[in-house]
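This report describes selected local features of one protein model, for a reader who has the sequence and the coordinates at hand.

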Amino acid sequence: MIYADIIIDISSDKLDRSFQYCVPAHLEQEIKLGMVVSIPFGNSNQLRKGYVTGLSQEAKVDPSILKEIAGCCSAEETTESRLIALAAWMKENYGSTMIQALKTVLPIKEKIRAKEKRYLSLSISEEKAAEILAQLEKTRFKARTRLLRELLQEKRLDYTTASRELGVAASVVKKLEEQGILHIEYDEVQRNSLNTGDIQKEEPLPLTTEQESAVQCILEEWKSAKPRPVLLEGVTGSGKTQVYMKLIEETLNRGEQAIVLIPEIALTYQTVRRFYARFGEKVSVINSRQSQGERYDQFKRARKGEVQVMVGPRSALFTPFSRLGLIVIDEEHEPSYKSENSPRYHARETAVKRAELEHARVVLGSATPSLEAYSRAVSDEYVLVKLKARYGERPMPKVSIVDLREELKAGNRSILSRELWGGIERRLESREQIMLFLNRRGYAGFVSCRSCGHVMKCPHCDISLSEHNNGRLICHYCGYETKKPQVCPECGSPYIGGFKAGTQQIEKVVQDTFPGVRTLRMDFDTTRNKGSYEKILASFAAHEADVLIGTQMIVKGHDFPDVTLVGVIAADLSLNADDYRCGERTFQLLCQAVGRCGRGKKPGEAVIQTYHPDHYSIQAAAVQDYEAFYEEEMSYRELMDYPPAAHMMAVLGSCPEEELLIQAMHYLQLYINRIYKKKDLHVIGPAYASVGKVKDIYRQVIYLKHEDYGTLVRIRDQMEKYIEINSGFRKIYIQFDFS
């Protein structure tokens with residue numbers, strides 16, 4: 001006998017568990033993980049739809065009390081079935097409940113009412129209607145007369161128009177409907193936040209020899225029985241999007257569908273316009289700024305086959321396409337592809353798994369690939385394809401590195417270096433555009449010296465210490481703590497502290513320094529409202545501003561031909577983050593920032609301001625040398641056992657009671673040491689998370705590092721069982737995060 005674990009309804013938290021059913025003999029060969037089945041449920045044995053999340057030959061309770069599966073749902077459910085199988089894989093690999101995984105891959109399960117438009121039409125012949133109209137004109141029923149006269153002229157009348165312009169009440173419509181004179185028709189209206197009215201159909205640009213070679217190389221890999229994921233490494237401005245479009249065209253010609261993932265909502269505006277100009281109505285978009293109704297309608301269109309290309313952030317990965325042929329992940333190195341909620345999945349690995357389940361292909365693209373993706377390309381797990389030249393043979397921007405220590409010695413205390421100040425002045429005179437980038441978001445906690453550039457770091461983890469309000473500096477990896485110094489321990493300078501400038505301050509400095517300059521600011525504060533991204537970017541593209549000032553969102557993927565100068569205000573903000581990836585993040589951000597200029601006919605220039613001009617990530621970014629950066633960074637990762645040289649799992653605990661959390665995390669550390677005694681596992685912590693308290697909830701973390709991913713998964717499985725059987729953990733929320 002085979003038994004199936006089935007989840008009944010993922011929209012109800014009360015049913016947040018699986019129920020076991022017997023599989024009847026005639027379904028034993030047919031039943032599979034992820035299948036949608038019909039089952040009797042509850043005392044009334046009402047037939048409900050359920051999802052098979054597990055199969056076994058052992059009953060959890062007395063087999064005689066288990067009910068049987070009534071049947072399997074039709075073949076139309078295969079798309080949903082594959083997504084459910086993907087959810088089971090996510091649960092196993094990333095650590096979450098099955099219900100959390102299902103809610104992630106099947107995001108639109110709640111009942112959302114379809115948006116409808118009503119129309120009025122005659123139910124009788126025009127001759128008969130004319131006779132009734134003649135009779136009504138002799139009566140006092142003026143509203144009925146107006147409505148019937150209009151229907152004889154228009155044949156089909158918008159209900160809202162009839163109500164507003166003709167002054168017809170609902171009771172009048174109802175009376176004529178009851179008399180069989182008219183009837184109401186309902187048309188479903190698609191909610192779509194994509195404004196395509198001004199987008200003209202465009203013929204594709206001719207591919208360069210290098211682009212054509214890249215396409216042929218990828219298509220050749222696709223011919224193999226089991227095509228590997230492709231990593232397309234192309235310098236900024238090399239035309240990776242044109243390669244994506246050619247591959248999507250090939251996919252559509254095969255009768256298949258494509259998903260294009262982009263890392264930022266801010267990229268939606270330009271990316272979707274490009275794809276819509278090429279593929280027209282076949283393209284749709286989803287993002288987190290859309291209403292639930294808009295997202296529901298786009299997924300519904302995809303399920304019905306009305307859409308062939310879906311563009312969006314990581315949630316678009318779960319678009320219910322029935323003939324998925326290609327998944328493109330643009331800017332695959334971006335951290336936003338990693339989910340911060342359980343299951344803490346990464347879109348890259350999850351895309352590869354979905355492609356495997358659906359016999360689709362994966363293309364990853366970046367000018368600065370993640371170390372994880374590039375290391376797999378080096379080991380031939382991925383296929384590496386390169387674009388080394390900019391489209392149209394345009395030159396790479398000229399890059400200058402400014403040492404802020406020298407600026408301070410020269411008496412310049414402004415946030416604009418003398419070189420950047422001069423560059424802005426020249427661009428304003430020649431009516432060219434400028435972008436000023438401040439990598440502020442999330443990186444304001446480190447303490448450094450403005451005189452010599454020394455940064456306070458943890459002696460155990462080589463990670464920047466974070467400044468807290470109590471004047472203490474703390475390492476959020478191992479918990480090391482020290483007092484904030486009053487003078488620099490390296491040079492004795494009193495100019496030591498955190499970086500205080502924000503985008504508003506930079507905007508004020510620019511406006512004060514260059515009177516009459518037109519500025520736009522793009523950061524968290526200016527993009528809170530729906531449509532704000534599109535409005536700001538459209539304004540800058542239309543030359544309504546000379547300078548665009550912003551955080552990370554302005555340097556990712558945008559294409560403004562008249563931007564000839566990019567200024568990086570303080571490269572050290574990301575270089576000194578409390579994260580082992582800070583060198584990689586800095587290199588990627590600087591390359592992306594430099595790549596925003598010189599994309600048109602005029603050459604570009606970039607100015608990088610830093611206290612660490614000799615750092616390998618800054619030097620490599622200035623000359624766009626990825627290989628040199630990769631070699632240096634990987635040697636550091638191997639030395640410290642950080643990914644991808646090894647695997648790391650974070651055990652994240654949170655609780656409103658601080659003492660209870662400290663005790664629970666301590667017991668977890670002791671349990672880990674008890675179940676795994678070999679010396680090849682590195683356990684760090686417990687320590688407070690980078691933000692130790694959020695909304696009165698305390699947070700701590702334990703890090704585990706091991707060269708084998710499977711070992712960490714097995715430790716996690718044992719920890720989950722330990723947590724489940726110990727009542728002391730009932731108030732503790734535990735999450736597992738792999739990297």
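Which residues does Val311 touch, not counting residues up to four places away in sequence? Val311 touches Val260, Ile262, Thr271, Val272, Val283, Ser284, Val285, Ile286 and Ala316, where contact means heavy atoms within 4.5 Å. The model is predicted, so that local features need pLDDT of at least 70 and side-chain atom pairs count only at pLDDT 80 or more, while totals for chains, interfaces and linings use all residues. Residues are numbered from 1 along each chain as its sequence is written, and side-chain values use heavy atoms, with hydrogens and water left out.

**The seven-stranded sheet**

Val311 is placed in strand 12 (residues 309-312); helices (H or I, at least four residues) and strands (E, at least two) are DSSP runs numbered from the N terminus. Val311 counts as buried because its relative accessibility is 0%; buried means under 20% relative accessible area, exposed over 50%, and partly exposed in between (1.4 Å probe, protein chains only). Leu261 is 50 residues away from Val311 in sequence, yet the two C-alpha atoms are 5.9 Å apart in space.

Strand 12 belongs to an open sheet of seven strands with parallel pairing, in the order 11-12-10-13-14-9-15; two strands pair if DSSP finds at least two bridges between them. At the edges are strand 11 (283-285) and strand 15, each of which pairs on one side only. On average, neighbouring strands of this sheet are turned by 20° against each other, direction ignored. Axes are lines fitted to C-alpha atoms, for helices over the stretch in contact, and angles run from 0 to 180 degrees between N-to-C directions.

Two helices lie across strands of this group. Helix 7 (residues 209-222) lies across strand 9, strand 13, strand 14 (361-366) and strand 15, and runs at about 170° to strand 15. Helix 11 lies across strand 10 (257-261), strand 13 and strand 14, at about 170° to strand 13.

**Parallel pairings and strand 26**

The table lists three strand pairs together with one bridge from each.

| Strand pair | Sense and bridges | One bridge |
|---|---|---|
| Strand 9 (residues 230-234) and strand 15 | parallel, five bridges | Gly234 with Leu387 |
| Strand 16 (residues 398-403) and strand 26 | parallel, six bridges | Asp403 with Thr610 |
| Strand 25 (residues 563-568) and strand 26 | parallel, four bridges | Val566 with Ala606 |

Strand 26 (residues 605-610) is mostly covered, with six of its six residues buried. Its two faces are both covered: Glu605, Val607 and Gln609 are buried on one side, and Ala606, Ile608 and Thr610 on the other.

**Helix 21**

Which residues of helix 21 are buried? They are Leu661, Ala664, Met665, Leu668, Tyr671 and Ile672. These residues lie on the same side of helix 21 because they cover an arc of only 115° around the axis; the arc is that of the directions from the helix axis to the C-beta atoms. The face turned away from this buried side carries the exposed residues Glu659 and Arg674. The buried residues of helix 21 pack against strand 27 (647-655), strand 28 (682-694), strand 29 (697-706), helix 22 (709-725) and strand 30 (733-738).

The length of helix 21 can also be checked. At 1.5 Å a residue, its 18 residues (658-675) should span 26 Å, and the end C-alpha atoms are 26 Å apart, which agrees. The expected span is 1.5 Å times one less than the number of residues.

**Backbone exceptions and a buried loop residue**

Most residues other than glycine have a negative phi, and most peptide bonds are trans. A cis peptide bond, with omega about 0°, joins Ser342 and Pro343; Pro343 is in the loop between strand 13 (324-330) and helix 11 (347-358). The bond from Gly685 to Pro686 is also cis, with omega near 10°, and Pro686 is placed in strand 28.

Asp380 has a positive phi, near 70°, and is found in the loop between helix 12 (371-378) and strand 15 (383-387). With a relative accessible area of 52%, Asp380 is exposed. Gln624, which is not a glycine, has a positive phi of about 55° and lies in the loop between helix 19 (616-622) and helix 20 (626-640).

Is Thr368, in the loop between strand 14 and helix 12, buried or exposed? Thr368 is buried, because its relative accessible area is 0%. Not counting residues up to four places away in sequence, Thr368 touches His333, Phe587, Gln588, Cys591, Gln592 and Tyr626.
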